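Q: Hi! I've got a structure open and would like to talk it through with you. Shall we start with the empty space inside?

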Amino acid sequence: MAPRDRRPDPKAVITMTVTAYELASDGGLVALRLARPSDRTGHLRFLLAAGAGERLTVVAHDGPALIGAAACARLGLGSTSAEVVSHVAPHHRGRGVSTLLLEHLADRARPIGITEFVGDVTDRGEDLRPMLEPRSVVVIGAGPRHGGAGHETLRALRDYGFTGRLYAVNPAGRPVCGVAGHRSVSDLPEAPDLAVVAVRADLVSSALKEAGQRGVRCAVVLSKGFAASGPVNRQRRAEAGEIAREQGIRLLGPSSVGVISTGPRARLNACLSPVRPPAGGLAVASQSGAVGVALLGDAARGGCGISSFVSLGEALDVDENDLIRHWYDDPATRAVALCLESIRDPGEFARMVRALGRRKPVLAVTRAGALLEQAGVICTTGIGEMLDTARVLIGQPPPAGARMAIVGNGGGLTALAADHAEASGFTVLPLTQRTRRQVPKSRDNPIDLGIDASPAAIASAAETVADSGEADLLLLLVVGTRANCPVAIMTALGSVVDNHPDVTIAAVLAGGNDAIPAFGERGAPVYPDAERAVRALAWAHRYAVWRGQPLTSDHRLAVAS
């Protein structure tokens, strides 16, 4: 884990004793502070007292109880690296406490010139890792027939480049898609991390039992026929759930369309969606398989990168709360999108998404919007608006304020964009005289450079405004014609994005035939019209305001409400 780069102060002295309050992944309040001599007691004594040399230790409290600690020791005089170790009390693991400790330790370490931690921390309790990052997968019900759920899932796993070991199970034991076949899970040479079950509904329970006896610990059930209505369906639900509990299997589904994980360690596509989404920072959970497939299609078309996708289906076991706990600590996930038709425990869910939202944005399309908005969730009206907003939030700094500047070659479109911005609560303020003098023809905000402006001229004006400190958000509006080159303009504007990591930037590209979903190294989003861009930026600003509210010890009442 590496602390975020900041210029170290060699004269800094570690005297901070202020207690900081953070929300754990379950919504509970955790207090973090520097260690004191009196903390060297109990099961944390070895960590707090061991070692020599320049050392820094942070501890965590849940109420009066000391529940964890993280310490680092510099690796040699003047080194910027430090060995790190952490410990969390067993009954507090899986709450994200270790992550909170390491982040606060990093904040304390930066001022004394430590910019890298070296060590292995294992107290995070991510019990869904075998499901989302498996080392081996068996598809039960993978037959030779094209179009079958098992066959297509196995083919998707193979074609996506799964880096682990693949197994196929079917009654004949025949190879499928170049993968060796077996008659049963018990015949496999190892216990796979993940089983994908694609058999008839009446065979699911026996397949789960056999998988559990072989040592499988996670299963995704694609099979249908487990709806809550009807006595046969209810009996199947009860049997499947009971066997999963007896065998210690974490069960996703039934009626799931599968899971996707785009990280290089997994390369997992155990999903019936025909779309392969680009890799990125958005984690997605959907109860409805159809909604999930539609979302993946929209994400691929709009260039919104996905870290993982989970289709919950009937959610007999694994539900939205389990995923929130996993994504709370997942370094590949920078924002979370939820498409939920119902919530099993609204109170617990609200506490957990509030905790997650303090760390990374949470977006939702759900009927429980009023409840979740109070917990900081961005509740959009549909999938498109949710993905538009996610593209702003992933890889972009949160807006520091409401001052927006608009620069482009769009003629009347820049004026319309300014109207949308002001209607959405942004201020489109006049530029200072000093800044106007640096812009061609001394234009004011919004800055319209004319349809014939060169890529260099547009980029120069945008750079001037971004440098001025007079705007918290920068909207770039580009109109493509036969007489200009939108690709060249967007390429030139990419340097503006790269040179200003502290400014929230988005662009509108109208009239261009080239599909350009993002620009700059951090992938600032490009939209087809100003209304969509401004709406997404407005959600990002609203989230930044919510997250900027201080969290103190008296926040416990708000968390519990």
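Q: Which residues line the largest cavity?
A: Happy to help! This is a predicted model, and in it the lining of the largest cavity is made up of Arg403, Met404, Ala405, Thr427, Val428, Leu429, Leu431, Asn445, Glu470 and Ala471.

Q: And what's the volume of that largest cavity?
A: About 30 Å³. The structure holds one cavity of 30 Å³ or more.

Q: How does its lining divide into nonpolar, polar and charged?
A: Six of the lining residues are nonpolar, two are polar and two are charged.

Q: Asn445 was on your list. Which peptide bond there is cis?
A: The one from Asn445 to Pro446, with omega near 5°. Pro446 is in the loop that runs between helix H13 (433–437) and strand S21 (447–448), while Asn445 itself is one of the residues lining the largest cavity.

Q: What about Gly253 and Pro254, how are they joined?
A: By a cis peptide bond too, with omega about -5°. Pro254 belongs to the loop between strand S12 (250–252) and strand S13 (258–261).

Q: While we're on the backbone, what is the phi of Cys177?
A: Positive, about 55°, although Cys177 is not a glycine. To find Cys177, look in the loop between strand S8 (165–169) and strand S9 (181–182).

Q: Let's move on to pockets. What's the volume of the second largest one?
A: That pocket comes to about 460 Å³.

Q: How many residues line it, and which lie nearest its centre?
A: There are 23 in the lining of the second largest pocket, and Gly141, Val169, Asn170, Pro171 and Val199 lie nearest the centre. By class, the lining has 11 nonpolar, eight polar and four charged residues.

Q: Which helices each supply at least two residues of that lining?
A: Helix H4 (149–160) and helix H5 (204–214) do.

Q: Switching to side chains: which arginine lies over the face of Tyr160?
A: Arg267, at 3.9 Å from the ring centre. You'll also find Arg359 over the face of Tyr328, where the distance to the ring centre is 4.3 Å.

Q: How many aromatic pairs are there?
A: The count is one.

Q: Last topic, confidence. What does the chain average in pLDDT?
A: The average is 90, and 91% of the residues score at least 70.

Q: Where does pLDDT stay under 50?
A: Residues 1–16 are one such stretch, and the model gives them 29 contacts beyond four places in sequence. Residues 553–561 also have pLDDT below 50, with 12 contacts beyond near neighbours in sequence.

Q: So how should I treat predicted coordinates where pLDDT is low?
A: They should not be read in detail.

Definitions and conventions. Residues are numbered from 1 along each chain as its sequence is written. This is a predicted model: local features need pLDDT of at least 70, side-chain atom pairs count only at pLDDT 80 or more; totals for chains, interfaces and linings use all residues. Side-chain values use heavy atoms; hydrogens and water are left out. pLDDT is the predictor's confidence in each residue, from 0 to 100. Contact means heavy atoms within 4.5 Å. Rings of Phe, Tyr and Trp (its six-membered ring) pair if their centres lie within 6.5 Å; planes under 30 degrees apart count as stacked, over 60 as edge-to-face and the rest as tilted. A charge sits over a ring if NZ of Lys or CZ of Arg is within 6 Å of the ring centre and within 35 degrees of the ring normal. On a 1 Å grid over the protein atoms alone, a cavity is a set of points where a 1.4 Å probe fits but cannot get out, and a pocket is an open set with protein on both sides within 12 Å along at least five of seven lines; lining residues have an atom within 4 Å of a point. Grid points are joined across faces, edges and corners, and a volume is the space filled by probe spheres set on the points. Ala, Val, Leu, Ile, Met, Phe, Trp, Tyr, Cys and Pro count as nonpolar, Asp, Glu, Lys and Arg as charged, and the others, Gly among them, as polar. Helices (H or I, at least four residues) and strands (E, at least two) are DSSP runs, numbered from the N terminus.
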